[in-house]
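Colleague: Please take a close look at one part of this model for me, the largest pocket and what lies around it. I am new to this, so plain words would help.

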Amino acid sequence: MREIHATCRKIVEKSLFLKPVIDQVEGEAVNVPQGFDPAAIKLVGNVSGAPPFAGVLRHRGWQAGRLELPTLSADRNPEIIAPAEVEVV
């Protein structure tokens with residue numbers, strides 16, 4: 001099992017480089033500007049009014065800094081993650 005995890009880790013590290021959404025130290029004061037992406041920054045606590053918001057960074061978040069996946073053939077639909085399986089009887 002450890003060998004499988006090590007192999008998976010190598011593949012992920014080769015294909016995906018993670019970087020923080022907010023590159024500051026957790027616990028520091030941060031400002032969230034007007035027009036921020038709510039998919040990238042989740043506001044918690046006493047949220048009221050409109051941005052900008054001032055708060056404390058509780059989690060830096062993660063985003064793909066680099067994503068290198070193999071190119072699929074033109075005849076394959078890239079939106080399909082796993083095909084449906086039908087047992088023909």
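Modeller: What follows starts at the pocket, moves to the core and then goes on to other parts of the chain.

This is a predicted model, so the values below are computed from predicted positions. The largest pocket holds about 490 Å³ of space. It is lined by 22 residues, and those closest to the centre of the pocket are Lys42, Leu43, Val44, Gly55 and Val56. Two elements give two or more residues to this lining: strand E2, residues 29-32, and strand E3, residues 53-56. Of the elements, E3 gives the most, with four residues. Sorted by kind, the lining has 13 nonpolar residues, six polar ones and three charged ones.

The next topic is the nonpolar core. In soluble globular proteins, nonpolar side chains tend to be buried together. In this model the largest nonpolar core has seven residues: Ile22, Val30, Val32, Phe36, Ile41, Phe53 and Leu57. Two of its members are worth following through their contacts.

Take Val32, one of the core residues. Val32 is found in strand E2, an element that also gives residues to the pocket lining. The relative accessibility of Val32 is 7%, and because the cut-off for buried is under 20%, Val32 counts as buried. If neighbours within four places in sequence are left aside, Val32 is in contact with Ile41, Leu43, Pro51, Pro52 and Phe53. Ile41 and Phe53 in that list are also members of the core, while Leu43 is one of the residues closest to the centre of the pocket. For a distance along the chain set against a distance in space, Val32 can be paired with Val86: they are 54 residues apart in sequence, and their C-alpha atoms are 49 Å apart.

Phe53 is the second core residue to follow. Again leaving aside neighbours within four places in sequence, Phe53 is in contact with Val30, Asn31, Val32, Phe36, Leu43, Val47 and Ser48. Among these, Val30, Val32 and Phe36 belong to the core. Leu43 is in the contact list of Phe53 and also in that of Val32.

Pro51 and Pro52, both contacts of Val32, are joined by a cis peptide bond with omega of about 10°. Pro52 lies in the loop between E2 and E3.

Now to the loop between strand E1, residues 16-20, and E2, where Asp23 has its place. With a relative accessibility of 62%, Asp23 counts as exposed, because the cut-off for that class is over 50%. Asp23 and Arg60 are 37 residues apart along the chain, yet their C-alpha atoms are separated by 6.7 Å.

Leu18 is found in strand E1 itself. At 45% relative accessibility, Leu18 counts as partly exposed. Not counting residues up to four places away in sequence, Leu18 touches Trp62, Gln63 and Gly65. The C-alpha atoms of Leu18 and Gly61 are separated by 9.8 Å, with their places 43 residues apart along the chain as the sequence separation.

Ser15 belongs to helix H1, which covers residues 2-15. The relative accessibility of Ser15 is 18%, so Ser15 counts as buried. Leaving out residues up to four places away in sequence, Ser15 touches Arg66, Leu67, Glu68 and Leu69.

Two of those contacts, Arg66 and Glu68, also meet each other: their side chains form a salt bridge at 3.1 Å, N to O. Arg66 is partly exposed, with a relative accessible area of 33%, and Glu68 is partly exposed at 45%.

The model has two salt bridges in total. The other joins the side chains of Glu13 and Arg9, at 2.8 Å, N to O. Both residues lie in helix H1, four residues apart, which is about one turn of the helix. Glu13 is partly exposed, with a relative accessible area of 45%, whereas Arg9, at 57%, counts as exposed.

To return to the request, the pocket takes its lining in part from strands E2 and E3. Strand E2 also holds Val32, a member of the largest nonpolar core.

Definitions and conventions. Residues are numbered from 1 along each chain as its sequence is written. This is a predicted model: local features need pLDDT of at least 70, side-chain atom pairs count only at pLDDT 80 or more; totals for chains, interfaces and linings use all residues. Side-chain values use heavy atoms; hydrogens and water are left out. On a 1 Å grid over the protein atoms alone, a cavity is a set of points where a 1.4 Å probe fits but cannot get out, and a pocket is an open set with protein on both sides within 12 Å along at least five of seven lines; lining residues have an atom within 4 Å of a point. Grid points are joined across faces, edges and corners, and a volume is the space filled by probe spheres set on the points. Ala, Val, Leu, Ile, Met, Phe, Trp, Tyr, Cys and Pro count as nonpolar, Asp, Glu, Lys and Arg as charged, and the others, Gly among them, as polar. A nonpolar core is a set of buried Ala, Val, Leu, Ile, Met, Phe, Trp, Tyr and Cys residues joined through side-chain atoms within 4.5 Å. Buried means under 20% relative accessible area, exposed over 50%, partly exposed in between (1.4 Å probe, protein chains only). Contact means heavy atoms within 4.5 Å. A salt bridge is a side-chain nitrogen of Lys or Arg within 4 Å of a carboxyl oxygen of Asp or Glu.
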